[in-house]
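Please open the structure in a viewer and keep the selection tool at hand. The tour proceeds by stops, each beginning with a selection to make.

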Amino acid sequence: MDCVSPMLDVACRLWDCTAKRAAYLTNLQETLESLRNAMEELKTVAEDVKNKVDRAEEDREMRRTHEVDGWLHRVQVLEKEVREILHKGDQEIQQKCLGTCCPKNCRSSYKIGKIASKKLGAVTELRRKGCFSDVADRLPRAAVDERPMEKTVGLDRMYAEVCRCIQDEQLGIIGLYGMGGAGKTTLMTKVNNEYFKTCNDFEVAIWVVVSRPASVEKVQEVIRNKLDIPDNRWRNRTEDEKAVEIFNVLKAKRFVMLLDDVWERLHLQKVGVPYPNSQNKSKVILTTRSLDVCRDMEAQKSIKVECLTEEEAINLFKEKVGETTLNSHPDIPQLAETASKECKGLPLALITIGRAMVGKSTPQEWERAIQMLKTYPSKFSGLGDHVFPILKFSYDNLKNDTIKSCFLYLAIFQEDYEIMNDDLINLWIGEGFFDEFDNIHEAQNQGRNIIEHLKVVCLFESVKDNQVKMHDVIRDMALWLASEYSGNKNKILVVEDDTLEAHQVSNWQETQQISLWSNSMKYLMVPTTYPNLLTFIVKNVKVDPSGFFHLMLPAIKVLDLSHTSISRLPDGFGKLVTLQYLNLSKTNLSQLSMELKSLTSLRCLLLDWMPCLKIIPKEVVLNLSSLKLFSLRRVHEWKEEEAHYSFNLEDANDSWENNKVDFDNKAFFEELKAYYLSKDCHALFEELEAKDYDYKPRYLWEDENRALLEEMESLVHINEVSFPIEGAPSFQILLSSQKLQNAMKWLTLGNLECVALLHLPRMKHLQTLEIRICRDLEEIKVDPTQERRRGFVVDYIPGSNFHSLCNIIIYQLPNLLNLTWLIYIPSVEVLEVTDCYSMKEVIRDETGVSQNLSIFSRLRVLKLDYLPNLKSICGRALPFTSLTDLSVERCPFLRKLPLDSNSDTYSLKTIKGSRWWWDRLQWENETIKNTFNYYFQDKFSLP
């Protein structure tokens, strides 16, 4: 039995093998049919899979998986192989012996049957593997998504500046700010498409429209989509958890985040964006309408996107109009330039108006359109329904109604009007915008903060020093907001030319604010009254507006008649009892009316630069019980009719003897009403004093001066005074009044006879100080010991009693020796010194003055004129960190300037003087001379 079992096992195996091999021959046809059916089923499954793949890939955001791609490829290969097997198998079956089932070639049939059987297994296996849960994966996003953008005009310079900032590794966050419609988004799109799309420095660029309110969740969603963070790491996660996911992805990449339309701080940390720095070399670029947002976002560089230049604006406008329209009439190109100028370079307005003018092929159509732009811009196609609403977002984003009122107020002035900050703030005070402040200085500080804010958000524009204006399109939007948008289109009347006709104002009884800039005054008499009128501003008008006053009752608050030809206040003027602001500056009034006593609500009274004003009746000012601000700044040159003779030396190098003056003519000098000595005063004084003449000059307002000071001192609410003090008795009133000292803003001191030493009292709000024509004055002092008692030391300025004093004018002080007291005036910005014969040095070298004291650190303008004995400005070189303009005339002995290699030239613009003087200056070395020679201008060769 032991040998039988192995033999049976071998026999079984031989039988199985033989049977299996025999099956390849006997079952060939059946095997081929099974293979054919299995292949058809596989092809059907493959077709379904391919359809799924095609659908997934159609949106170009997905790509087939490698597994699916390999499977489909194997199906194609297997299909070809099966096709060949089936073809050969069919041929083999057809070649059987006639009338029998036996193949002609057993070996060949066996071989085909064996291959077919194996392929059937392969087809079955491949069919089994054709079940896929996902046939395609989402494609990785492009590093930079190109954004739609039209051809740009005028952005090349700004684009180059932004690109330079991107290349600076120290600048991680870059802010682009500017008024609405200035092209900030267009500029950032250009940077995205043309810089980031072509440079390979960044692995991913993410564009997010932030808008307002800034939503961390929405920003996170945009970033997640760009980074392809999968659902299982995102869904049902908290804001903090999502921030971690974003952070973990971005920290390993060099990224750029493009944040468009940012209105408030977006906390990058809360979003999950790593802070860009020089280590990770990533960037964040944002656009906003507010410089404050750039600061809040901690931008290392803030770039203002300015409006286009006139040439750029014309080019953009013509491009939008199109060549066909421009060539339709010879006059249209010039009219197109005129129309483009109405937009003042604002791209949004240029594009909108340019598109609206497409197809306007006659000059008449263009002329009507231009007239509409000038008179009723909100009616022009696209402005009222597209441009203004976009710009209105900036207005809506202002913090409160007071700021909004202050913004709209500037629109009542004429187009392109530039107004001094303080003048605008005083008008706001007169309107009652700051009634919550009892102290006018607090109200003015609030006004300055509002002006700065409106400049920061690009609704106001800075012009010159301490002046603002409104962009024309912003002004049109403001007028639209204040009138048509608010539902009262007649609320504001601004007359800028002489085209106003009577029928246009016949329905203006609803008017609340009128500003007149032309001679159309007569037409304003048409309504019987203006019962709602609150504000009446008249500028540069030759017509006397006094006949209009009786129409103003009963609500008028602000009356500005400055720069008009009014010569008298009419009867009944005192009935304007609601008046809070009255400006009569630069008018021809010779005296004020006693009726002003009735204006007990008046807060601001301005009487500046009124050369004809001789009389202010007593007790008029005293009865203005609500008065907070009184300003009476005077013209300093004597008019020809105020003096019988004016002494004037023609040249600094001439002596007074060259003037042909008859000093023996006693009658002439005793009859002299006033004099103006512009140059070598001391010699003339000495000559006159040698004569026994009653030549004392009569200073205008000498008696009234003292009385006015006493009346102002009695006013309870007076906070701000600008006033010329003539004579030592009047100056004594100032010295004895703490109220006047605290209120003084602009002070002129003149004719302080017999005063050799002038002690200046503490005047913490004083901004401008003029000291003129004081022939006995030798020295000016502020009391350092008094300063120290208030916590002030000479090498630490901020506690100074004169921290507001920024303008100092010294004129015709023939015996004044120096201005060393200025070391105690830390904030001086403008210093003018003229006709001081005895002055040898501006700042005297003293051992008690610390070398660390920063003298003239804020000085911007220094003018020295006719100081014939001046030898030194300061004994040591000064940094002059703020100096822009230095002018030296007729100072022949000034041979050295306080400038060296440490003096700052960053802000310096010009040094003016004569070439003769400049060439004789002494310098520490040639390098310093060459450095400052670049800024020198020969004053006598200037055009």
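The stops below visit a strand, a loop residue and several salt bridges in what is a predicted model.

**First stop: strand β6**

Select residues 283–288, which form strand β6. Is this strand mostly covered or mostly open? It is mostly covered, with 6 of its 6 residues buried. Colour the two faces separately: Lys283, Ile285 and Thr287 lie on one side, and Val284, Leu286 and Thr288 lie on the other. Both faces are covered.

Now add the strands that pair with β6. Strand β3, residues 173–177, pairs with β6 in the parallel sense over 5 bridges; on this side, Leu176 has Thr287 as its bridge partner. Strand β5, residues 255–262, also pairs with β6 in the parallel sense, over 5 bridges. Here the residue to select is Val256, whose bridge partner in β6 is Lys283.

**Second stop: Gly130**

Move to the loop between α4 (106–128) and β2 (136–138), and select Gly130 there. Gly130 counts as buried because its relative accessibility is 7%, and the cut-off for buried is under 20%. Which residues does Gly130 touch, not counting those up to four places away in sequence? They are Val45, Val49 and Trp71. Select Leu72 as well: it is 58 residues from Gly130 along the chain, yet their C-alpha atoms are separated by 8.9 Å.

**Third stop: salt bridges**

The structure holds 42 salt bridges. Begin with Glu150 and Lys320, whose closest N and O atoms are 2.5 Å apart. This pair links distant parts of the chain, 170 residues apart: Glu150 is in the loop between β2 and α5 (156–167), and Lys320 is in helix α11, residues 310–321. Glu150 is partly exposed at 45% relative accessible area, whereas Lys320 counts as buried at 14%.

Next, select Asp156 and Lys190, which meet in a salt bridge of 3.9 Å, N to O. Asp156 belongs to helix α5 and Lys190 to helix α6 (residues 184–196), so the pair ties together parts that are 34 residues apart in sequence. Asp156 is exposed, at 55%, while Lys190 is buried, at 6%.

Keep Lys190 selected and add Glu194. These two residues also form a salt bridge, with their closest N and O atoms 3.2 Å apart. Both lie in helix α6, 4 residues apart, about one turn of the helix. Glu194 is partly exposed, with a relative accessible area of 34%.

Finally, select Glu40, Lys43, Glu79 and Arg83, which are joined into one network by salt bridges that share partners.

How values were computed:
Residues are numbered from 1 along each chain as its sequence is written. This is a predicted model: local features need pLDDT of at least 70, side-chain atom pairs count only at pLDDT 80 or more; totals for chains, interfaces and linings use all residues. Side-chain values use heavy atoms; hydrogens and water are left out. Buried means under 20% relative accessible area, exposed over 50%, partly exposed in between (1.4 Å probe, protein chains only). Two strands pair if DSSP finds at least two bridges between them. Contact means heavy atoms within 4.5 Å. A salt bridge is a side-chain nitrogen of Lys or Arg within 4 Å of a carboxyl oxygen of Asp or Glu.
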